[in-house]
Structure formats: C-alpha cells, structure tokens
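Here is a short report on one protein chain. Keep the sequence and the 3D view open while reading.

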Amino acid sequence: MPVDIPMLIEHKGVMERKRQIHLAPASNVIASLGGACSVARDLGLDPSVVLRWMYPAEVRGSGGHIPRRHFEPLMNLAKQRGVPLRMADFYEQRADAAE
C-alpha cells in the first residue's frame, strides 16, 4: 500500500509542498529500521539509493522493492536493533492472499 508523504522541495528559490508516494514493502522495512538515512548509513550506501527503493518505477525507483542483495544486511541490522523483521516483510502481500 502506498504511503503519501508530504515534502517541502525548493524549486528556483521557492519552497513548494509536494507529495511523494512511498511504496511498500520497502517503505515498511525502512521505517521499521529507523528511516532511510539511518539504514543508508549502516549499510554504507548513499541515502538516495535507499530512498529509490520506496519510489514508484515511473520516477526511476524500484517500485517498493528492495534488491535481494540487501536482504541479508537488512536482516542483520534488524537483529542488531531488536526489530522483529521477517523475510516475508520484503515481499508484497497480495490482497487476495490475505483473505
């Protein structure tokens, strides 16, 4: 499920209020681990990389999907922080599967 996040963006010296859609499951995993900047720092990545996991594909994001190569480091990070993260949390839950 998309999460609608209000953001302030400066464009040509004027602050504009924009809405950024953050997509699950990436947004849920990242939020549970303390946010994009915290996750990026602990994984040794640029924050823009982690943020793109939450962006729709139309804006050059990964559509809410975290690349598999980051699953293990994120699971280790969750364990260090005492966050109950499961492998299932990295995958979208289809609405028809939940019924």
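The secondary structure of this chain comes to five helices and two strands. The model is predicted. Read from the N terminus, the order of elements is β-β-α-α-α-α-α. The chain has 99 residues, and buried residues make up 32% of them. Of the contacts with a separation of 6 or more, 41% join residues 24 or more positions apart.

**The nonpolar core**

Start with the inside. The largest nonpolar core has 18 residues. Ile-30, Leu-33 and Ile-66 have the most contacts inside it. H1, H2 and H4 are the elements that give two or more residues to this core. H4 gives the most, with four residues.

Ile-30 shows who meets whom. Neighbours up to four places away in sequence are set aside here. Ile-30 then touches Gly-35, Ala-36, Val-39, Val-50, Trp-53 and Met-54. Two of these partners, Ala-36 and Val-39, are buried residues of H2.

His-70 is another inward residue. His-70 sits in the loop between H3 and H4. Its relative accessible area is 10%, so His-70 counts as buried. With neighbours up to four places away left out, His-70 touches Leu-45 and Trp-53. Trp-53 is also among the partners of Ile-30.

**H2 and H4**

How do the axes of H2 and H4 cross? Helix H2 covers residues 36–43, and helix H4 covers residues 71–81. Their axes come within 11 Å and cross at roughly 110 degrees. The two helices are therefore roughly perpendicular to each other.

The contact involves residues from both helices. H2 brings Ser-38, Val-39, Asp-42 and Leu-43. H4 brings Pro-73, Leu-74, Leu-77 and Arg-81. By type, the residues of this contact divide into five nonpolar, one polar and two charged.

In H2, the buried residues are Ala-36, Ser-38, Val-39 and Ala-40. Their cover includes helix H1 (26–32), helix H3 (47–52) and H4. Ser-38 and Val-39 are thus named twice: they are buried in H2, and they meet H4.

Which residues of H4 are buried? They are Phe-71, Leu-74, Leu-77 and Ala-78. These residues cover an arc of only 125 degrees around the axis, which puts them on the same side of H4. An α-helix has 3.6 residues a turn, so residues three or four places apart point the same way. H2 is included in what covers the buried residues of H4. On the other side of H4, Glu-72, Lys-79 and Gln-80 are exposed.

**Backbone points to check**

Most residues other than glycine have a negative phi, and most peptide bonds are trans. The table lists three residues with positive phi.

| Residue | Phi | Place |
|---|---|---|
| Gly-44 | near 75 degrees | follows H2 |
| Arg-60 | near 65 degrees | loop between H3 and H4 |
| Gly-82 | about 70 degrees | just after H4 |

Arg-60 is a residue other than glycine, yet its phi is positive. Is Arg-60 buried or exposed? Its relative accessibility is 69%, so Arg-60 counts as exposed.

One peptide bond also deserves a look. The bond from Ala-24 to Pro-25 is cis, with omega near 5 degrees. Pro-25 lies in the loop between strand S2 (14–22) and H1.

**The loop after H4**

Val-83 and Pro-84 both belong to the loop between H4 and H5. Helix H5 spans 95–98.

Take Val-83. With neighbours within four places in sequence left aside, Val-83 is in contact with Ser-32, Leu-33 and Ala-78. Leu-33 is one of the residues with the most contacts inside the core. Ala-78 is a buried residue of H4. Val-83 and Gly-34 are 49 residues apart along the chain. Their C-alpha atoms are separated by 9.9 Å.

Pro-84 comes next. Its relative accessibility is 76%, so Pro-84 counts as exposed. In sequence, Pro-84 and Ser-32 are 52 residues apart. In space, C-alpha to C-alpha, Pro-84 and Ser-32 are 8.8 Å apart. Ser-32 is also one of the contacts of Val-83.

Note on methods
Residues numbered from 1 in each chain as written. Predicted model: local features only at pLDDT ≥ 70, side-chain atom pairs only at ≥ 80, totals over all residues. Heavy atoms only, no water. Axes fitted to C-alpha atoms, helices over the stretch in contact; angles between N-to-C directions. Parallel < 35°, antiparallel > 145°, perpendicular 65-115°, else oblique. Contact = heavy atoms within 4.5 Å. Nonpolar A, V, L, I, M, F, W, Y, C, P; charged D, E, K, R; others polar. Buried < 20%, exposed > 50% of the residue type's maximum accessible area, 1.4 Å probe, protein only. Arc of directions from axis to C-beta. Core = buried A, V, L, I, M, F, W, Y, C linked by side-chain atoms within 4.5 Å.
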